[in-house]
Each structure stands twice: as structure tokens, then as C-alpha cells.
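Dear colleague,

I am passing on to you the structure that we spoke about, with its sequence. Please look through it first, and then read the notes that follow below.

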Amino acid sequence: MSVLIAPSILSADFANLAQALDLLERASADWVHVDVMDGHFVPNLTIGPPVIKDLKKRTRLPLDVHLMITNPELYISEYVKAGADHITVHAEACTHLSAVIQQIKKNNVKAGIALNPATDPSVLRYILGEIDLILVMSVNPGFGGQTFIKNSLKKIKEIKKMLESQNCPNVLINVDGGINDKTASDVIASGADVLVSGSYIFNSKDMNNAIKSLRA
């Protein structure tokens with residue numbers, strides 16, 4: 001399977017999100033990554049279910065919703081109703097991680113677990129059979145435009161080996177943070193299946209070429 005590209009609309013012009021979605025479709029993006037921040041789990045505020053509901057009306061692309069929020073279990077149903085195709089929660093934000101994953105899955109939505117840069121992949125060991133994707137944060141979450149943390153490559157490789165040892169070939173490894181034409185090749189070589197990229201894609205003069213360069 002070729003690598004999937006999930007542009008993050010955190011870096012888009014929020015006054016022109018419909019146009020951004022149209023451009024992403026024309027540029028052959030695979031998913032739309034939606035960063036949800038609550039000002040508590042991370043020091044930033046972004047968007048919530050009403051905006052996601054409107055995004056769903058304007059695109060054919062799957063909405064990959066990344067919840068950087070505390071107590072995500074209280075809000076899962078709202079994001080399901082809004083139209084999220086994938087919902088990823090942070091391991092660090094969930095006291096009962098398996099229960100939250102089950103809450104997502106019972107709504108026929110793909111479930112993912114995100115790991116902050118300093119979080120050990122061992123937290124995944126007993127839940128790999130329940131999830132659809134793993135999001136490796138290669139920057140500290142909260143803001144776009146940060147520099148890729150090189151130690152993330154070691155973590156990606158470790159997770160890839162863990163998936164192979166537990167025979168979980170369908171679990172996707174997503175990588176988010178500092179992804180550009182300089183870092184993408186090493187990330188893919190380490191085992192990534194999905195690249196989340198915001199600033200590099202939306203700040204480029206040609207979005208189509210930017211996405212092609214990540215695939216290459």
C-alpha cells in the first residue's frame with residue numbers, strides 16, 4: 001500500500017475552509033486531518049463538532065478527527081454525530097483507554113490512539129487488537145509549524161515491530177508533526193502508513209506538487 005496523505009486543516013485559512021477542502025480533493029489528498037484542541041490538554045483552542053459537521057457536508061474525503069482534549073469519553077458521541085470517520089484519542093488523556101476505544105468502535109467509527117513524543121509505546125501492547133490506527137506525534141501537540149523530533153523515527157520502528165509481532169497488519173501508523181519533503185522519506189522508511197502534514201502543504205505555492213513530494 002502506498003503512503004496516505006492527510007493534510008491538517010489546522011494550517012488552512014479558517015475563513016475559507018470550503019475552498020481548502022476543494023483544493024485538497026483536487027490535489028488527491030486521501031484524508032482530512034482535523035485537530036481538536038480544548039485549551040486544557042494542549043495550550044491552544046481550535047474547533048468543535050459544529051465545524052466538523054459543516055466540513056462533512058463539503059467533502060468526500062474521510063474526516064480524521066484528532067481529539068487533543070481532556071475527558072474525551074464525554075464528547076465521543078458529539079463527534080460521531082458530526083460526521084467523524086476516524087476518532088483518535090490520546091493515551092495520556094484516558095484513564096480507561098480500552099473503554100474509550102470501545103465507545104468509538106460501537107459507533108462504527110475507526111478508532112485510534114495518539115502518543116505524545118515522551119510517551120512510551122508500551123501503553124499500546126494490550127490494546128493493539130482493538131484499534132485501527134496509531135498516531136505518533138513527532139512534535140509536541142498544540143501548534144502547527146514545529147520542527148520534527150528525530151527520536152520519533154525510533155518510536156515508529158518500535159511500533160511497527162510490535163504490530164508485526166502481534167499480527168496486526170491492518171493497524172495503520174500515522175505520523176503527525178514536522179512532515180515535509182525533507183522528513184517524509186525517513187518517516188515512511190521507518191514504517192509510517194499515513195503522513196499528517198499541515199504547514200508544508202498549505203504554505204506551498206502548489207498544493208498538488210507538495211502532496212506528490214510527500215508520496216515520493
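**Helix 5 and its surroundings**

Helix 5 (residues 152-165) has 14 residues, which at 1.5 Å a residue should span 20 Å, and its end C-alpha atoms are indeed 20 Å apart, so the two values agree; the expected span is 1.5 Å times one less than the number of residues. Helices here are DSSP runs of H or I with at least four residues, strands are runs of E with at least two, and both are numbered from the N terminus.

Please bear in mind that this is a predicted model, in which local features need pLDDT of at least 70 and side-chain atom pairs count only at pLDDT 80 or more, while totals for chains, interfaces and linings use all residues. Residues are numbered from 1 along each chain as its sequence is written, and side-chain values use heavy atoms, with hydrogens and water left out.

Within helix 5, the residues S152, L153, K155, I156, I159, M162 and L163 are buried, where buried means under 20% relative accessible area, exposed over 50%, and partly exposed in between, with a 1.4 Å probe and protein chains only. These buried residues of helix 5 pack against strand 5, strand 6 (133-137), strand 7 (172-176) and helix 6 (184-190), contact being heavy atoms within 4.5 Å. After helix 5 comes N167, which has a positive phi near 55°.

**Strand 4 and its neighbours**

All five of the five residues of strand 4 (residues 86-90) are buried, so this strand is largely enclosed by the rest of the structure. On one side H86, T88 and H90 are buried, and on the other I87 and V89 are, which leaves both faces of strand 4 covered.

Strand 4 pairs in the parallel sense with strand 3 (residues 63-68) over four bridges, and there D64 stands opposite H86; strands are taken to pair if DSSP finds at least two bridges between them. Strand 4 also runs parallel to strand 5 (residues 110-115), to which five bridges join it, and H90 stands opposite A114 of strand 5. The chain passes from strand 4 through helix 4 (residues 97-105) to strand 5 in a right-handed β-α-β crossover, that is, one whose path from the first strand over the helix to the second runs clockwise with the strands pointing away from the viewer.

**The protein as a whole**

The protein has eight helices and eight strands. Of its 216 residues, 53% count as buried.

With best wishes
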